[in-house]
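Trainee: Before we go through this model, could you show me how each label follows from its value?
Mentor: Gladly; let us put the structure up and set the values against the cut-offs.
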Amino acid sequence: MAFEVPPELEKRMDEVITHYPVSKRSAVLPLLHLIQEHFRYIGDEAVTWVAAKLDLEPVKVLEVVTFYPGFRQSAPGKYHIRVCRTLSCAMAGSYDLMESLCKEAGIDRSKTDHHHPIAVSEDGKFSIEFAECLACCGFGPVCMVDDDFHEKVGPEQAAGLLSKYSS
């Protein structure tokens, strides 16, 4: 099955490109954000599609995708969790929170690394990754489930947090 961008999404992208009359290359970031917003991740076919749309070599798009940690290159779970691991959150217990969330969601993080930071539960309901600073240093540990922000989440609250998204 070929990668297909819905007409309404492509229309939004065409409008965004008009904001960059000097160089279409400048539209790479906004187009990637739109792709990820719609498809939830940016796969190889999407990289190739964006490159063709902007008359670029695919490697020029791929280098942007791989540089920014906010872009996902593999499909996340239905609910994607990001746990802050910077100093203040780490000191407040974010590593213990990560362990508890993984245990409660049935996620095995043993195969994650820098290039594949996302781990997905077997049922596909949850995915998880560490994030570099979620900008709430005084209220750690913090995490996000999709775009929902959660402050002062202790490891003992992991099951309750996940249950909010299970129903």
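Trainee: What makes the meeting of the side chains of Glu63 and Arg25 a salt bridge?
Mentor: This is a predicted model, and in it the N to O distance for Glu63 and Arg25 is 3.0 Å. The definition asks for a side-chain nitrogen of Lys or Arg within 4 Å of a carboxyl oxygen of Asp or Glu, so the pair qualifies as a salt bridge. Glu63 lies in helix H4 and Arg25 in the loop between H1 and H2, so the pair ties together parts that are 38 residues apart in sequence.

Trainee: Why is Glu63 called partly exposed?
Mentor: The relative accessible area of Glu63 is 36%, and because buried means under 20% and exposed means over 50%, a value in between is called partly exposed. Arg25, at 41% relative accessibility, counts as partly exposed by that reasoning.

Trainee: How do you know that Glu37 forms a salt bridge with Arg12?
Mentor: Their closest N and O atoms are 3.4 Å apart, which is within the 4 Å limit, and therefore the pair is counted. Glu37 sits in helix H2 (residues 28–39) and Arg12 in helix H1 (residues 7–17), 25 residues apart.

Trainee: Are these two partners buried, partly exposed or exposed, and what makes them so?
Mentor: Glu37 has a relative accessible area of 56%, and because this is over 50% Glu37 is exposed. Arg12, with 42%, stays between the two limits and is therefore partly exposed.

Trainee: What makes Arg40 and Asp146 a link between distant parts of the chain?
Mentor: Their side chains meet in a salt bridge of 3.0 Å, N to O, while Arg40 is in the loop between H2 and H3 and Asp146 in the loop between strand E4 (143–145) and strand E5 (148–150), 106 residues apart. Arg40 has a relative accessible area of 25% and Asp146 has 26%, so both count as partly exposed.

Trainee: Why is H3 called oblique to H4?
Mentor: The axes of helix H3 (residues 44–53) and helix H4 (residues 58–67) come within 8 Å and cross at roughly 125 degrees. That angle falls outside 65 to 115, the perpendicular range, and is not over 145, as antiparallel would need, so H3 is oblique to H4.

Trainee: Which residues make that contact, and how are they classed?
Mentor: Val47, Val50 and Ala51 of H3 meet Pro58, Val61, Leu62 and Val65 of H4. By class, the contact has seven nonpolar, no polar and no charged residues.

Terms used. Residues numbered from 1 in each chain as written. Predicted model: local features only at pLDDT ≥ 70, side-chain atom pairs only at ≥ 80, totals over all residues. Heavy atoms only, no water. Axes fitted to C-alpha atoms, helices over the stretch in contact; angles between N-to-C directions. Helix = DSSP H or I, 4+ residues; strand = E, 2+ residues; numbered from the N terminus. Parallel < 35°, antiparallel > 145°, perpendicular 65-115°, else oblique. Contact = heavy atoms within 4.5 Å. Nonpolar A, V, L, I, M, F, W, Y, C, P; charged D, E, K, R; others polar. Buried < 20%, exposed > 50% of the residue type's maximum accessible area, 1.4 Å probe, protein only.
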